[in-house]
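Hi everyone, thanks for making time for this. I'd like to walk you through one structure, so let's put it up on the screen.

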Amino acid sequence: MAKNFEPENKLPNMIGPGTKIKGDIETNGDIKIDGSIEGNIISKGKVLIGQNGQVTGEVKCTNCDIYGAFDGKLTVTELLSLKASSKLHGDVKTSKLSIEPGAIFTGTCKMDDKVTQPIAGGTDAKK
């Protein structure tokens, strides 16, 4: 039987300050966002939104640290950490949630230990 080869990514994908992306991103590794993204992100690793980072759309990932701004729908299978400088507006589904004093969270949160893994190939078709 043939095995699919997926190289192990030691360095995170990075979206630098001043970079603006409109579209969907899918990665098997971690991603750090210091720029602006308008679209959907699917990551089998960690999504880190830096202090100057802004994401608008739907994100599905294993872990997520937010220092900047997020507006949309967020599904995290393990731990979501909202840092003191974060501003989150939207709907969250996660297994574990950590909120530092000073973080702004406006929206809904559903915590469930059975949040499913991000699926490669796009977002859910069900609405």
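Before I point at anything, one bit of vocabulary: two strands count as paired if DSSP finds at least two bridges between them. Also, please keep in mind that this is a predicted model.

With that in hand, look at S11 and strand S12, residues 104-111: they pair in the parallel sense over 8 bridges. If you want a spot to zoom in on, take Thr94, whose bridge partner in S12 is Met111.

S11, which covers residues 87-99, also runs parallel to strand S10, residues 69-82, and 12 bridges join these two. Here you can pick out Phe70, which has Leu88 as its bridge partner in S11.

Now let's step back to the whole chain. How many helices and strands are there in it? The protein chain has 0 helices and 12 strands, so reading along the sequence you just get β after β, as in β-β-β-β-β-β-β-β-β-β-β-β.

What about burial? Of the 127 residues in the protein chain, 37% are buried. The chain exposes about 7,800 Å², and carbon and sulfur atoms supply 51% of that area. As for contacts with a separation of 6 or more, residues 24 or more positions apart account for 9% of them.

Last, confidence. The average pLDDT for the protein chain is 87, and 83% of the residues score at least 70. Over residues 123-127, though, the pLDDT is below 50, and this stretch has 5 contacts in the model beyond near neighbours in sequence. Where pLDDT is low, the predicted coordinates should not be read in detail.

Technical notes: Residues numbered from 1 in each chain as written. Predicted model: local features only at pLDDT ≥ 70, side-chain atom pairs only at ≥ 80, totals over all residues. Heavy atoms only, no water. pLDDT = per-residue confidence, 0-100. Contact = heavy atoms within 4.5 Å. Helix = DSSP H or I, 4+ residues; strand = E, 2+ residues; numbered from the N terminus. Buried < 20%, exposed > 50% of the residue type's maximum accessible area, 1.4 Å probe, protein only. Areas by Shrake-Rupley, 256 points an atom, 1.4 Å probe, with all protein chains shown as cover.
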